[in-house]
Amino acid sequence: MFHGYISRQGNVLWSLPARLFLGATWLVDVSQKISGKGSWFANKLRLTSFDWLVANTTSGASAAGSDATSSTATTAKATFSLSYEYGNQPMLIFKHMPKWYYNITKFMIPNTDVAFFMQKAMTIFELLIGLALVFGLFTWLASAASVAFVAIFSLSSMFYWTNIWMIPMAIAAMNGAGRIFGLDKYIIPWIREHFVNWWYGKEKSIYK
């Protein structure tokens, strides 16, 4: 009755709910960053875990710096819990950001101008990851990006304990889940066919 959608790839059918739920979670999360008071597209500092940015924020972003300082102090007092009562409250995984990650981040995001750009870029990437997972397009890459983003947020102390499930869920969705009711069912075979022809050449008979 599904016209072959589940017969050949039945071994990955179980991961369809994982893919859809993970994608929907990214879309719900990013929806709060696209518009409204919490928009990451406004020139207001959202990367409040990076103290060198908060300390150097001036002019129009000074208010964000003061908000960030109080926000960070509140976050440090948070207590680990699996209850979704804490779903909107970031919790520190480490007492302090790892020194090596601190140095790398400070090098990559040295000032607020770069921070504003990174905020917008991260928001766009989150939106693309969510859409890719929901529509089953390049699911392996989108799932891998999900793991990477969660790792970045964890090391930056912007992680939500209640979203820790996203890591194993993303790994589970890397098994080709996009080929079940997704665009990967058509896109991946097309890419493989044309890539093989481009890389190895097209077979043809040679007559003398």
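A pocket, as the word is used here, is an open set of grid points with protein on both sides within 12 Å along at least five of seven lines, and its lining residues are those that have an atom within 4 Å of a point. In this predicted model, the second largest pocket is lined by 16 residues, and Tyr101, Ile109, Met118, Met122 and Ile152 are the ones that lie nearest its centre. The space in this pocket comes to about 300 Å³. Helix H4 (99-108), helix H5 (112-135) and helix H6 (139-155) each contribute at least two residues to the lining, whose make-up by class is 14 nonpolar and two polar residues, with no charged residues.

Of these helices, H5 also carries Thr123, a residue that counts as buried because its relative accessibility is 2%, where the cut-off for buried is under 20%. When neighbours within four places in sequence are left aside, the contacts of Thr123 are with Val30, Lys33, Ile34, Trp40 and Phe41.

Turning to H6, its 17 residues should span 24 Å at 1.5 Å a residue, and the end C-alpha atoms are 24 Å apart, so the expected and modelled spans agree. The buried residues of this helix are Thr139, Ala142, Ser143, Ser146, Phe149, Val150, Phe153, Ser154 and Leu155. They pack against H4 and H5, and also against helix H1 (16-34), helix H7 (166-172) and helix H8 (184-200). H4 and H5 thus appear in two roles, as packing partners for the buried residues of H6 and, together with H6, as contributors to the lining of the second largest pocket.

Notes:
Residues are numbered from 1 along each chain as its sequence is written. This is a predicted model: local features need pLDDT of at least 70, side-chain atom pairs count only at pLDDT 80 or more; totals for chains, interfaces and linings use all residues. Side-chain values use heavy atoms; hydrogens and water are left out. On a 1 Å grid over the protein atoms alone, a cavity is a set of points where a 1.4 Å probe fits but cannot get out, and a pocket is an open set with protein on both sides within 12 Å along at least five of seven lines; lining residues have an atom within 4 Å of a point. Grid points are joined across faces, edges and corners, and a volume is the space filled by probe spheres set on the points. Helices (H or I, at least four residues) and strands (E, at least two) are DSSP runs, numbered from the N terminus. Ala, Val, Leu, Ile, Met, Phe, Trp, Tyr, Cys and Pro count as nonpolar, Asp, Glu, Lys and Arg as charged, and the others, Gly among them, as polar. Buried means under 20% relative accessible area, exposed over 50%, partly exposed in between (1.4 Å probe, protein chains only). Contact means heavy atoms within 4.5 Å. The expected span of a helix is 1.5 Å times one less than its number of residues.
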